Amino acid sequence: MDMIRSDFPILSKYPRLIYLDNAATTHKPKSVIDALSEFYINYNANIHRGVYRLSEEATDLYERSREIVARFIGAEPYQIVFVKNATEALNTAIWNFRSLDIQSTVYEHHSMLLPIYRYSKSYKLHSRIDEIKGDIIAVTHASNVTGRVIDLKTIRENNPNAIIIADGTQYVPHMSVDIKSIDVDMYAFSGHKMLGPTGIGVLYIKNPEQYEPLMLGGGTVSNVTDSMFRLLDTVERYEAGTPPIAEAYALSKAVEYLSSKFEDLYQLDQKIIRIANKLFQEYEIYPVEMNINIPIFSFYFPSVHSHDVAEMLDTYYDIAVRSGYHCAQPLHEFLGIGPTVRASFYIYNTEEELYKFMNALKNIILKFK
Ligand SMILES: Cc1ncc(COP(=O)(O)O)c(C=O)c1O
């Protein structure tokens with residue numbers, strides 16, 4: 001574990017910090033940080049348009065990054081669109097099904113829900129996955145509040161001909177994805193929640209030529225006259241303007257780092273979940289949902305506001321957690337609770353940090369009993 005922690009410069013800068021806000025964003029290993037400056041020092045040029053060598057090298061780097069990201073989820077490079085973040089990916093996906101009926105769940109993040117509210121003709125938010133039936137289905141793969149994993153295979157089995165859009169933002173950082181076997185039509189995730197930089201996300205599209213970009217601009221077209229334009233058939237149709245080139249390269253480094261540690265991460269996640277479950281019983285502090293597959297735990301305390309708990313954790317214990325609705329207010333309403341405190345673990349967190357967190361939480365709660 002010390003080996004892994006030493007790869008993250010920010011953890012050496014703040015040795016007392018217990019960072020448990022990984023579902024919001026993760027820290028970056030040195031290889032990712034270095035990739036950003038490496039790009040600007042060695043390769044900086046705009047891509048796809050230049051015929052000079054530097055531009056060609058930058059283009060190669062960008063396209064190789066697409067290949068690495070594609071391989072990571074078992075997709076083909078021609079199916080990977082680089083976007084700004086998962087929010088842009090989900091907006092693009094949902095906009096393609098505007099004025100249609102969309103089936104979704106109460107577990108969604110606002111970045112899925114708000115485009116559904118705005119663009120769909122009608123929608124239904126299900127709490128039971130086995131009850132989802134429809135032509136267009138838009139669901140999260142893992143909840144950012146409870147860590148619950150949604151079984152996409154069951155949804156596909158129940159809806160063999162449906163278009164399925166999935167939000168993999170919290171799933172991809174923790175679990176291996178084989179996009180062909182989960183058989184979805186579109187799949188979104190963010191780079192910065194999986195050790196990559198901010199400013200880059202991914203939208204997998206099974207058949208990219210069948211849908212349209214939300215944004216138009218340079219690099220998306222094969223022909224433009226004074227009255228019409230023709231979009232390219234490739235993923236470039238979705239990448240209007242100058243794309244996040246350095247960020248794509250740095251994301252490829254994050255993917256390489258993560259791939260080399262994925263087995264360790266899986267073992268760590270399972271250990272954290274096992275110990276956490278034991279401590280929850282022992283300390284009688286229960287997360288809002290016990291059925292978790294990914295180490296994201298949210299808590300609700302009737303006697304003290306979640307913001308106060310989060311502030312005390314920071315002030316007295318150097319523990320960084322998130323509090324509020326976590327951009328999933330309808331889920332809190334469905335569960336009948338107010339804002340929650342969320343602790344989310346990742347590859348550099350330790351068992352010792354979990355014990356410290358639970359002890360700190362117990363001390364704070366006891367004060368307000
Ligand atoms: C499940 C889920 N989907 C989508 C998003 C949006 O990600 P981003 O803010 O990187 O666009 C988040 C962010 O927390 C999330 O947790």
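Helices here are DSSP runs of H or I with at least four residues, and strands are runs of E with at least two, numbered from the N terminus. By that count the protein has twelve helices and 14 strands. The model is a predicted one.

**Start with the whole chain**

Show the complete protein as a cartoon. Its radius of gyration is 21 Å, close to the 21 Å that the globule rule gives for 369 residues, so the protein is as compact as a globular protein of that length. Along the principal axes, the C-alpha atoms fill a box of roughly 70 × 50 × 35 Å.

Now colour by burial. Of the 369 residues, 55% count as buried. With the surface switched on, the protein exposes about 16,300 Å², and carbon and sulfur atoms supply 50% of that area. If you colour by charge, there are 36 positive and 45 negative charges, and their mean positions are 3 Å apart. For contacts, take residues at least 6 apart in sequence: 66% of the contacts between them join residues at least 24 apart.

**Stop 1: Phe72 and Phe262**

Select the aromatic side chains next. A search of the whole structure finds 15 aromatic pairs. One of them is formed by Phe72 and Phe262, an edge-to-face pair with 5.8 Å from centre to centre and 75° between the planes. Phe72 sits in helix 4 (residues 53-72) and Phe262 in helix 9 (residues 245-283), so this pair links distant parts of the chain, 190 residues apart. Phe72 is buried, with a relative accessible area of 15%. Phe262 is buried as well, also at 15%.

**Stop 2: Phe299 and Phe357**

Move to Phe299 and Phe357. Their ring centres are 6.1 Å apart and their planes stand at 55°, so this pair is tilted. Phe299 belongs to strand 11 (residues 296-299) and Phe357 to helix 12 (residues 351-367), so the pair ties together parts that are 58 residues apart in sequence. Both residues are buried.

Keep them selected and add Phe280, Phe297, Phe301 and Phe345. Together with Phe299 and Phe357, these residues form one aromatic cluster.

**Stop 3: Glu289**

Select Glu289, in the loop between helix 9 and strand 11. Is Glu289 buried or exposed? Its relative accessibility is 12%, under the 20% limit, so Glu289 counts as buried. Not counting residues up to four places away in sequence, Glu289 touches Tyr107, Thr146 and Arg148. For a distance to draw in the viewer, take Glu289 and Glu351: they are 62 residues apart along the chain, and their C-alpha atoms are separated by 21 Å.

**Stop 4: Ser104 and helix 6**

Go to Ser104, in strand 3 (residues 101-105). Ser104 counts as buried, at 0% relative accessibility. Which residues is Ser104 in contact with, leaving aside its neighbours within four places in sequence? They are Ile116, Lys124, Leu125, His126, Ile132, Ala138 and Val139.

Ile116 leads to helix 6 (residues 110-119), where Ser111, Met112, Leu113, Pro115 and Ile116 are buried. Show the elements that the buried residues of helix 6 pack against: helix 5 (86-95), strand 3, strand 4 (122-126), strand 5 (136-140), strand 6 (163-167) and helix 11 (329-335).

**Stop 5: two positive phi angles**

Most residues other than glycine have a negative phi. The next two selections have a positive one.

- Asp183 is not a glycine, and its phi is near 55°. Asp183 lies in the loop between helix 8 (179-182) and strand 7 (186-190). At 26% relative accessibility, Asp183 counts as partly exposed.
- Cys327 is not a glycine either, and its phi is positive, at about 55°. Look for Cys327 in the loop between strand 13 (322-324) and helix 11. Cys327 is partly exposed, with a relative accessible area of 39%.

**Stop 6: Ser260**

Finish back on helix 9, which holds Ser260. Ser260 is exposed, with a relative accessible area of 51%. Draw a last distance from Ser260 to Thr92: the two are 168 residues apart in sequence and 31 Å apart in space, C-alpha to C-alpha.

How values were computed. Residues numbered from 1 in each chain as written. Predicted model: local features only at pLDDT ≥ 70, side-chain atom pairs only at ≥ 80, totals over all residues. Heavy atoms only, no water. Rg over C-alpha atoms; globule rule 2.2 N^0.38 Å. Buried < 20%, exposed > 50% of the residue type's maximum accessible area, 1.4 Å probe, protein only. Contact = heavy atoms within 4.5 Å. Areas by Shrake-Rupley, 256 points an atom, 1.4 Å probe, with all protein chains shown as cover. Lys, Arg positive; Asp, Glu negative; His and termini not counted. Charge placed at Lys NZ, Arg CZ, Asp CG, Glu CD. Phe/Tyr/Trp six-rings, centres within 6.5 Å; stacked < 30°, edge-to-face > 60°.
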